[in-house]
Amino acid sequence: MIINLTYYHVANDVPEISPEIAVVIDVLRATTTISWALKNGADSIQVFSDLDLLKKSAIKWQADERVMLGERGGKKIEGFDLGNSPLSVTKKVVYGKRLFMSTTNGTKSLQKVQYAKHLFAMGLLNRRAVAEKIISLQSENVLILGSGWEGTYSLEDSLAAGALASYLKTNCNFEVNILNDELQSALALWDFWKNDILNCLKTATHGKRLSSLGDYEEDFKCCSELDCLDIVPAQVERGVIRAS
Ligand code: MLT
C-alpha cells in the first residue's frame, strides 16, 4: 500500500477534483479555533465564505443555540459574537451550539475541497490525531491544502503540512510518497523549525500582522502547541464540521 501526498499552498492552486481525503490547514488561526471549539463541546461548525449567506443561515437558529464568529483581516466582524481566537471558544460560550464561521482564508480553503470524500481540518495541535485518522483510512491519495493569506503562501501552514508529512513518513507501515516540491520544501521547513514553532509563527507575515493588531501572545502559544488535542474535525455534510 502507498499513500501519495500532495500539498497546495492556497485554494486557487487546487485542481477541480474531488479528492478522497483532503486536509485543510490554517494554523493562524481558523483550524486551531475549530479544533478547540469542538474540544470544548461545540455541536458543529458551519463554514461560509459569504457573510450574507452566513447571516441568513444563522438567523434560522434559536439565539441561544448559535454563535457567529469570524474575522476579516484578523479583526472581529462587526455584529458577530466572537472573532477568530482559539481562546474565545470556551466551553461556557460554545458548548452544545452550532457555530457559524467565516474567516479571511481558512473557511475558503474548507469550501474549496468540500467535495472530498473525507475532509478534515488540522492545526499543529491535532496533527497526530489527523495523521492517525489518515493512516486508519488506508486511502491512496491525500490532498493537503494550506490557507495562506489572500492567495499567497504562508509559512505556518507549510510548516504544519511538513509536520503532517513527517509524522506519516515515520509512523506509517506503508510507503509514503511525496508527490510535489511544495511538500518536499514543507518537510524541510518542518525540519528547520520543529524545535522553535512559536518563533516560526511569529516570523510569518500573518504572525506579524496579528502582532501589529494587538497582544496575541496567548493565541501564538495556543496555535504553536503540537499534538495536544485528540480531536479530528471532519466534514459531515457540505460545509458542516463535527468532531470525529
Ligand atoms: C484566516 O482564515 O485567514 C485566519 O484564520 C485569520 C486569523 O488569524 O484570524
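The largest pocket of this predicted model is lined by Val10, Ala11, Asn12, Thr104, Asn105, Lys108, Ser109, Ser147, Glu150 and Gly151. Its volume is about 170 Å³. Polar residues account for 6 members of this lining. A further 2 are nonpolar and 2 are charged.

One residue of the pocket lining, Glu150, has an unusual backbone setting. Phi of glutamate 150 is positive, near 45°, although the residue is not glycine. Glutamate 150 belongs to the loop that runs between β8 and α6 (155–171). Glutamine 138 also has a positive phi, of about 50°, and is likewise not a glycine. Glutamine 138 is placed in the loop between α5 (127–137) and β8 (141–146). Strand β8 thus has one of these residues in the loop before it and the other in the loop after it. Most residues other than glycine have a negative phi.

The structure also contains 1 cavity of 30 Å³ or more. The largest cavity encloses about 70 Å³ of space. Its lining comprises 13 residues. Leu28, Arg29, Glu71, Asn84 and His206 lie nearest the centre of the cavity. By class, 7 lining residues are polar, 3 are nonpolar and 3 are charged.

The ligand sits in this largest cavity. The residues around the ligand are Asp26, Leu28, Arg29, Ala30, Glu71, Asn84, Thr103, Thr104, Asn105, Gly106, Trp149 and His206. This shell divides into 6 polar, 3 nonpolar and 3 charged residues. Leu28, Arg29, Glu71, Asn84 and His206, listed nearest the cavity centre, all appear in the ligand shell. Thr104 and Asn105 are found both in the ligand shell and in the lining of the largest pocket.

Oxygen atoms of the ligand pair with polar protein atoms from both side chains and backbone. A polar side-chain atom of aspartate 26 is 2.8 Å from a ligand oxygen. For asparagine 84, the distance from a polar side-chain atom to an oxygen atom of the ligand is 2.7 Å. Glycine 106 contributes a polar backbone atom, which lies 2.8 Å from an oxygen atom of the ligand. The ligand exposes 270 Å² when taken alone, and the protein buries 100% of that area.

The ligand shell also includes both residues of a cis peptide bond, Leu28 and Arg29. The bond from leucine 28 to arginine 29 is cis, with omega near 0°. Most peptide bonds are trans. Arginine 29 lies in the loop between β2 (21–25) and α1 (30–39). Both leucine 28 and arginine 29 are also among the residues nearest the centre of the largest cavity. The cis bond therefore joins two residues that have heavy atoms within 4 Å of the ligand.

Notes. Residues numbered from 1 in each chain as written. Predicted model: local features only at pLDDT ≥ 70, side-chain atom pairs only at ≥ 80, totals over all residues. Heavy atoms only, no water. 1 Å grid on protein atoms, 1.4 Å probe; cavity = no way out; pocket = protein on both sides within 12 Å on 5 of 7 lines; lining within 4 Å. Points joined across faces, edges and corners; volume = space filled by probe spheres on them. Nonpolar A, V, L, I, M, F, W, Y, C, P; charged D, E, K, R; others polar. Polar contact = N/O pair within 3.5 Å; in protein donor to acceptor, adjacent residues only side chain to side chain. Areas by Shrake-Rupley, 256 points an atom, 1.4 Å probe, with all protein chains shown as cover. Sits in = over half its atoms within 2 Å of the grid points. Helix = DSSP H or I, 4+ residues; strand = E, 2+ residues; numbered from the N terminus.
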